Amino acid sequence: MPASPPPRRTGSTRLNARLLALAIGVACVLSMLMLLDPIETGIRVLRDKIRSHPASGSVVVVALDDRSLAEIGEAPWPHAAVATMLTRLTAAGARRVEIDLDLSAGRSAGDASLPVAMRAAQGRVILPARFAVDHVTGQPSYMRPPASLARFATIANTNIWVQRGGNVWYMPYAVSSQGAVLPSLAALLGGVAGQPGDLYPIDYAIDLRSIPVISAADIVAGRWRPADVAGKDVLIGQTSSASQRYFAPGYGLAPGIFVHAVAIETLRGGRPVALGWPWTIAFAALVAGLFLFARHRAAARTVLAAGALMLLIVPIVLERFHIFTAITPGLSLLAIVAGARLWTNFRRSYQARGTTNPISGLPNLQALRQAAIVSTNTVVMARILNFAEALTALPPDSERDMVNQIVKRLGFGAGGATIYHSDDGIFLWLDDGSDTEGLSDQLGALHALFRSPVIVADRLVDLSISFGLDNDRSRTVMQRVSSALVAADRAASEGQRWMTYDPAALEDAEWRMSLLARLDQAIDNGEIWLAYQPKIALDTGRIVGVEALARWTHPDKGDIPPIQFIAAAERSGRIDRLTAHVLDTAVATAAMINRTYRGFSVAVNLSPRLLDRPDLAAMVEEVLARHRLPGHLLCLEVTETMAMVDQEKALLNLKSLSALGVQLSIDDYGTGFSTLEYLRMIPAGEIKIDRSFISMLEKSQSDRIMVHSTIQLAHSLGRKVVAEGVETAATLNELKLMQCDYVQGYFTGRPNPLPVLVDLLRNRRMEQAA
Ligand code: C2E
Ligand code: CA
Ligand code: CA
């Protein structure tokens with residue numbers, strides 16, 4: 001079976017049919033109200049210019065122009081002068097002569113020269129009759145030549161029909177006047193008869209300016225060539241600037257006699273056929289139907305363009321055969337349909353923009369909502385925890401670059417699934433949920449991938465990521481997205497790489513929310529205390545100091561993991577109070593122990609959020625002074641996540657602390673962006689290799705290499721190295737061989753309450769003294 005092209009889904013059949021019907025209706029109404037006439041006129045004038053050709057010359061105008069008036073006198077002219085002209089014209093062989101002048105007797109009363117000349121013309125003279133309608137009464141009044149002249153002439157109607165907009169497009173074949181039918185001048189001379197009231201279009205492609213003109217003054221004065229009128233029909237009429245003018249489309253105002261001349265020329269080309277406009281509506285409706293229902297966009301466009309072109313071109317051909325028509329009704333129908341389609345397309349693309357993240361071009365949550373995916377899949381949320389912070393440290397236009405790198409990495413774990421991108425470092429995709437083991441492996445691998453920094457604008461940017469999953473198929477996708485986000489946040493605050501949303505934990509989460517509110521109170525109530533973990537010098541085996549670790553024992557809930565309340569305090573900017581408390585307690589402890597155990601130091605963890613605080617060094621100095629502890633016995637541990645804070649301020653702080661003699665240690669070394677440059681920049685005397693590397697020392701060759709080379713590198717820079725998380729004797733020995741300086745870990749001592757630490761130190765001293 002041949003693959004059929006995908007249907008163009010730009011609207012339902014019913015909608016298209018309705019649009020088509022509406023367009024037909026509107027086009028018809030527009031035409032009937034003649035609202036399209038100005039456009040029609042414009043197009044028609046253009047067409048006339050294209051078809052423009054000179055008049056045949058069989059109609060000659062004898063013009064009572066300004067010169068004639070100057071030489072012979074104002075109208076009405078003396079009959080004698082008219083008679084002279086007539087005699088000369090007929091003598092020259094003019095076929096017929098129409099005298100389109102006011103021939104009321106006036107000054108010429110008693111002058112018989114004109115009837116004489118007319119009789120001599122032997123029926124070749126045509127005289128005009130016209131009627132005027134009184135604007136007020138609506139009564140027509142007829143103007144006819146005097147009976148004394150009419151006897152010798154054929155009478156023709158010379159009314160000019162002005163259409164709306166002032167244009168003269170149509171002329172009647174005949175009019176009925178006082179019970180009798182009078183042919184129009186053009187019908188009479190053009191040789192085409194028609195019923196009164198029947199109109200025909202004037203063909204202005206016949207160049208009005210090419211109608212031969214002879215000045216009446218020249219004929220009276222004998223300055224003309226009689227041959228110019230031999231065998232021609234002559235119209236004698238007013239062309240002076242005082243004469244009435246009509247709007248001949250494409251030519252501007254022209255004396256009425258020229259309109260008659262062109263009308264005569266038109267009829268000489270045959271009987272014009274007026275096709276009207278309904279056919280163009282029918283034709284355009286057909287084209288519009290093909291356009292709307294075409295299966296392919298390109299085909300649809302071609303049909304539409306071809307249809308419009310046909311409407312424009314066909315009349316040019318038809319008019320050659322004297323067939324006249326209007327095309328704007330059809331054109332307007334096509335325009336309405338095309339416009340409506342354009343508008344829908346625009347709206348659709350606008351909506352599409354609303355479902356796309358402008359930075360990454362990936363679909364956003366709105367798109368997920370619209371996709372109405374049946375939620376049989378696991379929602380996987382990836383949250384870049386420090387997205388906003390990382391951005392602030394970067395040049396203004398690097399967001400796209402950073403996002404692209406994140407998406408690239410996530411792509412490895414998403415396994416080809418569509419990644420949706422919400423704002424602020426929130427990405428998600430749907431996993432088919434068939435292989436939970438596989439998914440957790442993938443997320444583990446992804447998490448590991450994100451341990452190495454991305455490079456944006458030539459800078460290394462440390463990103464921390466956590467994942468949240470939702471498996472609850474009973475709820476809507478959007479509900480599940482929120483849950484997955486909650487899970488991702490929880491994973492982050494609990495130091496996990498990912499977490500699955502668990503509705504049962506909701507209550508727990510609520511409690512956790514109130515945790516923060518209770519932290520200050522907990523400090524005051526003494527619920528926060530410090531555990532001290534010994535730090536051992538590997539060469540001597542002696543305890544050189546401790547790391548102070550915050551502990552919260554809640555009266556009801558029991559021990560709350562520090563990673564939980566510390567992360568929460570950090571996020572909400574409440575870490576200051578906690579740090580001040582820990583620092584104060586730890587320094588007091590160290591001062592106390594130093595009375596019996598000289599040179600004993602204490603290490604306190606410093607949240608990176610505090611690093612850019614201007615009063616940091618002053619606060620530390622005050623605490624040291626109050627407890628009279630020398631600066632070098634305090635060690636502040638800072639993590640490598642410097643991308644988060646104002647680097648310059650942080651560096652200044654570290655330098656002032658260093659100036660106080662305070663020791664600085666780079667905590668969790670290896671998990672951030674561990675460049676040599678960074679190590680050089682920070683005035684830290686010590687680095688602490690992260691416990692994830694130390695715990696793998698026995699199993700992983702690459703971790704062994706990393707740890708070893710780090711120790712060598714640090715030593716070459718004159719820094720000491722602490723290995724944390726030492727849990728076995730084998731690890732301890734390995735570290736000894738690598739010439740590590742200090743160790744810290746469950747194997748050499750767990751974090752203990754102060755009394756246990758004091759006991760431990762006393763026993764050690766006794767051991768050493770023994
Ligand atoms: P950290 O600075 O890396 O602290 C060392 C963590 O490793 C402590 O976890 C400690 O109990 C644990 N640890 C020590 N030896 C071993 C070992 O042999 N094996 C294993 N698996 N773990 C070991 P803890 O006490 O849960 O603290 C977690 C983190 O909380 C700390 O990591 C530190 O970043 C933060 N933290 C603790 N107290 C404070 C504090 O007062 N202020 C600040 N800003 N952060 C603190
Ligand atoms: Ca630490
Ligand atoms: Ca650490």
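The legends below describe close-up views of a predicted model. Local features are taken where pLDDT is at least 70 and side-chain atom pairs where it is 80 or more, whereas totals for chains, interfaces and linings use all residues. Residues are numbered from 1 along each chain as its sequence is written, chains are lettered from A and ligands numbered from 1 in the order in which they are written, and side-chain values use heavy atoms, with hydrogens and water left out.

**View 1. Surroundings of ligand 1.** Around ligand 1 there are 20 residues, of which Gln533, Arg551, Arg691, Glu727 and Tyr746 come nearest; a residue is near a molecule if one of its heavy atoms lies within 4 Å of it. By class, this shell holds eight nonpolar, five polar and seven charged residues, where Ala, Val, Leu, Ile, Met, Phe, Trp, Tyr, Cys and Pro count as nonpolar, Asp, Glu, Lys and Arg as charged, and the others, Gly among them, as polar.

**View 2. Polar side chains facing ligand 1.** Polar contacts are pairs of N or O atoms within 3.5 Å. A nitrogen atom of ligand 1 lies 2.5 Å from a side-chain N or O atom of glutamate 727, while oxygen atoms of the ligand lie 2.9 Å from a side-chain N or O atom of arginine 551 and 3.4 Å from a polar side-chain atom of aspartate 668. Of the 790 Å² of accessible area that ligand 1 has on its own, the protein covers 86%, with areas taken from the Shrake-Rupley method with a 1.4 Å probe. The elements that give two or more residues to the shell are β26 (543-554), α19 (562-571) and β30 (663-669), and β26 gives the most, with four residues; helices (H or I, at least four residues) and strands (E, at least two) are DSSP runs numbered from the N terminus.

**View 3. The calcium ion (ligand 2).** Glu547 (OE), Asn605 (OD1), Glu637 (OE) and Asp667 (OD) coordinate this ion at 2.1 to 2.3 Å, donors being N, O and S atoms within 2.8 Å of a metal, or 3.2 Å for Na, K and Ca; water is not among the atoms, so sites may look incomplete. The donor residues are spaced E-x57-N-x31-E-x29-D in sequence, and the site links distant parts of the chain, with glutamate 547 in strand β26 and aspartate 667 in strand β30, 120 residues apart. Glutamate 547 is buried, at a relative accessible area of 5%, where buried means under 20%, exposed over 50% and partly exposed in between (1.4 Å probe, protein chains only).

**View 4. The calcium ion (ligand 3) and the shared aspartate.** Asp667 (OD), Asp668 (OD) and Glu724, which is listed twice through OE, are the protein donors here, lying 2.1 to 2.6 Å from the ion. Aspartate 667 in strand β30 and glutamate 724 in strand β32 (residues 720-724) are 57 residues apart. Aspartate 667 also bridges to the calcium ion (ligand 2), the two ions lying 3.9 Å apart. Both aspartate 667 and glutamate 724 are buried, each with a relative accessibility of 7%.

**View 5. The hairpin of β14 and β15.** Strands β14 (residues 245-248) and β15 (residues 252-255) pair in the antiparallel sense over four bridges, pairing being assigned if DSSP finds at least two bridges between two strands. Alanine 248 has glycine 252 as its bridge partner in β15. Three residues lie between the strands of this hairpin, and glycine 250 in the turn has a positive phi of about 95 degrees.

Terms used:
A polar contact is a pair of N or O atoms within 3.5 Å; within protein, one must be able to donate a hydrogen and the other to accept it, and residues adjacent in sequence count only if both atoms are side-chain atoms.
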